[in-house]
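Here's a quick look at the cysteines and the internal space in this structure. Have the sequence and the 3D view open as you read.

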Amino acid sequence: MYYIVETNKSFDQASADLESAVKHHGFGVLHVHDLGATLRSKGIAFDNECKIFEVCNPGQAAKVLSADMRLNMALPCRISVYTERGKTMIGLIKPLPMLSALSQDAELVEVAKEVEEKIIQMVDEAK
């Protein structure tokens with residue numbers, strides 16, 4: 001269900017490289033949530049770093065939404081760069097099993113498969 005890789009890169013370098021990989025593969029970064037900074041700004045002691053990148057390919061998103069508008073709740077895809085026990089990680093919840101749990105539409109399963117392959121390539125490229 002998860003795809004997570006460890007990288008020898010710093011958190012900041014992995015984040016920058018992920019953003020470049022997303023664009024290289026024809027997706028856009030809609031928003032980046034800096035979860036670590038948000039928690040610390042609320043007075044919570046949080047030692048790790050965590051950025052969540054919301055990424056989207058408009059053509060693929062349109063296919064999903066045209067088939068079943070309820071699936072907007074599963075969009076956009078999210079890729080995280082985070083630190084854990086001193087290591088930098090990049091990971092995601094795989095779209096194929098997630099979408100398959102929400103819909104049995106064969107066309108949507110194919111879209112999820114294509115998107116999953118692309119975002120795994122992005123993660124591997126950023127690693």
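## The cysteines

Cys77 counts as buried, because its relative accessibility is 15%. Keep in mind that this is a predicted model. Cys56 counts as buried too, with a relative accessibility of 17%; the cut-off for that label is under 20%.

So are these two bonded to each other? What does a search of the whole structure find in the way of disulfides? It comes up with zero. For Cys56, the closest cysteine sulfur is the one in Cys77, and at 7.5 Å that is too far for a bond. A disulfide needs the two sulfur atoms within 2.5 Å. Seen from the other end, Cys77 is in no disulfide either, and its nearest cysteine sulfur is that of Cys56.

## The cavity

How many cavities of 30 Å³ or more does a search of the whole structure find? Just one. As for volume, the largest cavity comes in at about 190 Å³. Its lining is made up of 18 residues, and those closest to the centre are Val64, Leu75, Cys77, Pro95 and Val115. That brings Cys77 back into the picture: this buried cysteine is one of the lining residues closest to the cavity centre.

## What lines it

Four elements each supply at least two residues of the lining of the largest cavity: the strand β3 (50-56) and the helices α3 (58-67), α4 (95-102) and α5 (106-126). By class, that lining has 16 nonpolar residues and two polar ones, with no charged residues.

Terms used: Residues are numbered from 1 along each chain as its sequence is written. This is a predicted model: local features need pLDDT of at least 70, side-chain atom pairs count only at pLDDT 80 or more; totals for chains, interfaces and linings use all residues. Side-chain values use heavy atoms; hydrogens and water are left out. On a 1 Å grid over the protein atoms alone, a cavity is a set of points where a 1.4 Å probe fits but cannot get out, and a pocket is an open set with protein on both sides within 12 Å along at least five of seven lines; lining residues have an atom within 4 Å of a point. Grid points are joined across faces, edges and corners, and a volume is the space filled by probe spheres set on the points. Ala, Val, Leu, Ile, Met, Phe, Trp, Tyr, Cys and Pro count as nonpolar, Asp, Glu, Lys and Arg as charged, and the others, Gly among them, as polar. Buried means under 20% relative accessible area, exposed over 50%, partly exposed in between (1.4 Å probe, protein chains only).
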